[in-house]
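This briefing introduces the structure shown below to a reader who is new to it. It treats the sheets, the helices that lie across them, and the contacts of aromatic rings.

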Amino acid sequence: MTVFTTRPEILGTFGVVTSTHWIASAVGMNILEKRGNAFDAAVATGFMLQVLEPHLNGPGGEMPAIIYSTKKGKVEVICAQGTAPAGATIEHYAGEGLDLIPSDGLLATVIPGAFDGWMLMLRDYGTMTVRDALEPAIHYLEHGHPVLPRVSAMIGGLAVFFEKEWPTSHETWLPDGSAPAPLSNFRNPVLAETWKRIVKEAEAKSGREAGIEAARDAFYRGFVAEKICDYLKTAEVMDASGVRHRGVLSADDMANWSASVEEPTTYHYHGWTIAKTGPWGQGPVLLQSLALLKGINIGEMDPAGPDFVHSVVEAMKLAYADREVYYGDPKFSQVPVQTLLSDAYNDERRKLITANASVDLRPGLVPGFENQSALTIEMLNSMAGFGAVYEPTMSHLTEKRGDTVHIDVIDRGGNMVSVTPSGGWLQSSPVVPGLGFCLNSRAQMFWLKPGLPTSLAPGKRPRTTLTPSLGLFESRPTLAFGTPGGDQQDQWQLAFFLRYAHFGLNLQETIDLPLFHTTHFPGSFYPRTRQPGNVMIESTVGASVLDELKARGHDLTIADPWTVGRLTAARRDADGLLRAAATPRLMQAYAVGR
């Protein structure tokens, strides 16, 4: 029997692109049609999403990517997560009267990493030029694109604040004095000129790679860095703390940073190997959850039933509790990843999953980390309002909350990209004069208490929530998937992967199933609150499932149908058949291919 899906699973052999906006997916597919590879397509799609979803990502943001290159024959991670500036010390921020880093403004800024990450991908894995990568974005910046209703609403909600506190943002986003109407044609000519100048500087050099290096220099050591740092010399702007602050990002910070390539963190589960970032991101929580669930008969459950939801939620509570205690930049602190993923550790942790919902935050105790665990729990318990309502990140949340985008690409040669760009969203900080974009606010993920893996320190990566995924089936690179969603990203991906791995569904059938997540653990975003025992779940699971979950002690927030999760996914079969799918939620993500 044919199962109804909200859209078809895309099938073909030439190439597939799926992303969180239909125009961006079309741009990526056009690059493949021009004989670009998956990496070329991902770069152009990424720059396009900065135009189309500026409330979710921008040129001043960051991105991690998990890639498979047929040329190299291996899975790798591109880390384009910028680090804390040299002046970003706990002492300085405490001197500013802060006990939490604000969610916006200039003190929340780390070195912008996305541009260098895209250029590294283009140079080392792609085949095209800087012009090829930026031309689609330039076209839509100059000629306009249809403003998403959520972008219009966000700009409208910030209009008074922008006019009073961030005038450069008011000039950029409300050029006629009012927010652009939903689906009206909107332009950003200043950002277009920024990209055109970068293209010009790239083309002043001879050769593709030399041009890419010139573009990197223009951004991090040339006119872009100069405009950013000139602005920061005098700018003192209002942020979420209610006080105006100056930033600490410097020209030296920009000039001495670059994106890097790393080995992924992996876990084997029922014939699959799932690759994630290292513990400088939250990616290993998905792997920890798999390690816990490996000893539970997930495949015998209803994929939308109460046993499945309960088991997955309880595993995630345990994995995310460990995230709070152990994860951080491994260049600055030891992270016991091998122990956290070991059978012995998870066999013991699994015993904590019972028939009833837990309301306690229960990190595991790894030998040698007792003091670190105690210090973390003490800090969390001492926070005022720690039990307050968690900040969600979909259509049921505040329009001022930032989020993320996602891209998956597979070309006919078998190259694969899963990338989750974010940050530098229009509500994060004022637009830098003369550039047409703003900086990021990723530093809010640091703590201002010393002695933790995520304590603020110069040169350290914040423990980002950005977490793309790549799956190998029987050692063959097969599946690229991911989603926006902050702390929910690995939760929605976990439900997706388990359903796909166990129940014989196609990609679109899997994405269309009702989604859920827990807000049980501390949020990564200001004000870092949690809601013990809470689960947000789409009502489409049905009344009987909701009643059973309530009976087991879950505190449910019942979401409207089609409002939780923004998953996309792409697959390459052993015979070369390509597949792709995208969520219908928010009615803008799209998969294309042939």
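One open sheet has 3 strands in the order β16-β17-β18, with mixed pairing. The model is a predicted one, in which local features need pLDDT of at least 70 and side-chain atom pairs count only at pLDDT 80 or more, while totals for chains, interfaces and linings use all residues. Residues are numbered from 1 along each chain as its sequence is written, and side-chain values use heavy atoms, with hydrogens and water left out.

**The sheet of 3 strands**

- Helices (H or I, at least four residues) and strands (E, at least two) are DSSP runs numbered from the N terminus, and two strands pair if DSSP finds at least two bridges between them.
- Strands β16 (516-518) and β18 (555-559) each have a single partner strand and stand at the edges, so one side of each is left without a neighbour in the sheet.
- On average, neighbouring strands of this sheet are turned by 20° against each other, direction ignored.
- Axes are lines fitted to C-alpha atoms, for helices over the stretch in contact, and angles run from 0 to 180 degrees between N-to-C directions.
- Strand β17 (residues 534-538) pairs with β16 in the antiparallel sense over 3 bridges; His 517 has Met 536 in β17 as its bridge partner.
- Helix α19 (residues 543-551) lies across β17 and β18 and runs at about 155° to β18; contact means heavy atoms within 4.5 Å.

**The sheet of 7 strands**

- A further open sheet has 7 strands in the order β9-β4-β3-β13-β12-β2-β21, with antiparallel pairing.
- Its edge strands are β9 and β21 (590-593), each of which pairs on one side only.
- From one strand to the next, the twist averages 15°.
- Strand β4 (residues 74-80) and β9 run antiparallel and are joined by 3 bridges; Cys 79 stands opposite Ser 260 in β9.
- Helix α1 (residues 22-33) lies across β2 (15-19), β12 (407-411) and β21, at about 155° to β2.
- Helix α2 (residues 38-52) lies across β2, β3 (63-69), β12 and β13 (416-419), at about 155° to β12.

**Aromatic pairs**

- The whole structure holds 23 aromatic pairs; rings of Phe, Tyr and Trp (its six-membered ring) pair if their centres lie within 6.5 Å, and planes under 30 degrees apart count as stacked, over 60 as edge-to-face and the rest as tilted.
- Tyr 220 and Trp 257 form a tilted pair, 6.0 Å centre to centre with 40° between the planes.
- This pair links distant parts of the chain, 37 residues apart: Tyr 220 is in helix α9 (residues 208-220), and Trp 257 is in the loop between α11 (251-255) and β9 (260-262).
- Tyr 220 is buried at a relative accessible area of 0%, and Trp 257 counts as buried at 10%; buried means under 20% relative accessible area, exposed over 50%, and partly exposed in between (1.4 Å probe, protein chains only).
- Trp 272 and Phe 473 form another tilted pair, at 5.0 Å centre to centre and 50° between the planes.
- Trp 272 lies in strand β11 (residues 272-276) and Phe 473 in strand β14 (residues 469-473), so this pair ties together parts that are 201 residues apart in sequence.
- Trp 272 counts as buried at 5% relative accessibility, whereas Phe 473 counts as partly exposed at 25%.
- Ring pairs also join Phe 47, Phe 115, Trp 118, Trp 195, Phe 219, Tyr 220, Trp 257 and Phe 437 into a cluster.

**Charges over rings**

- A charge sits over a ring if NZ of Lys or CZ of Arg is within 6 Å of the ring centre and within 35 degrees of the ring normal.
- The charged end of Arg 197 sits over the ring of Phe 223, 4.0 Å from its centre.
- Arg 594 lies over the face of Phe 14, 3.9 Å from the ring centre.
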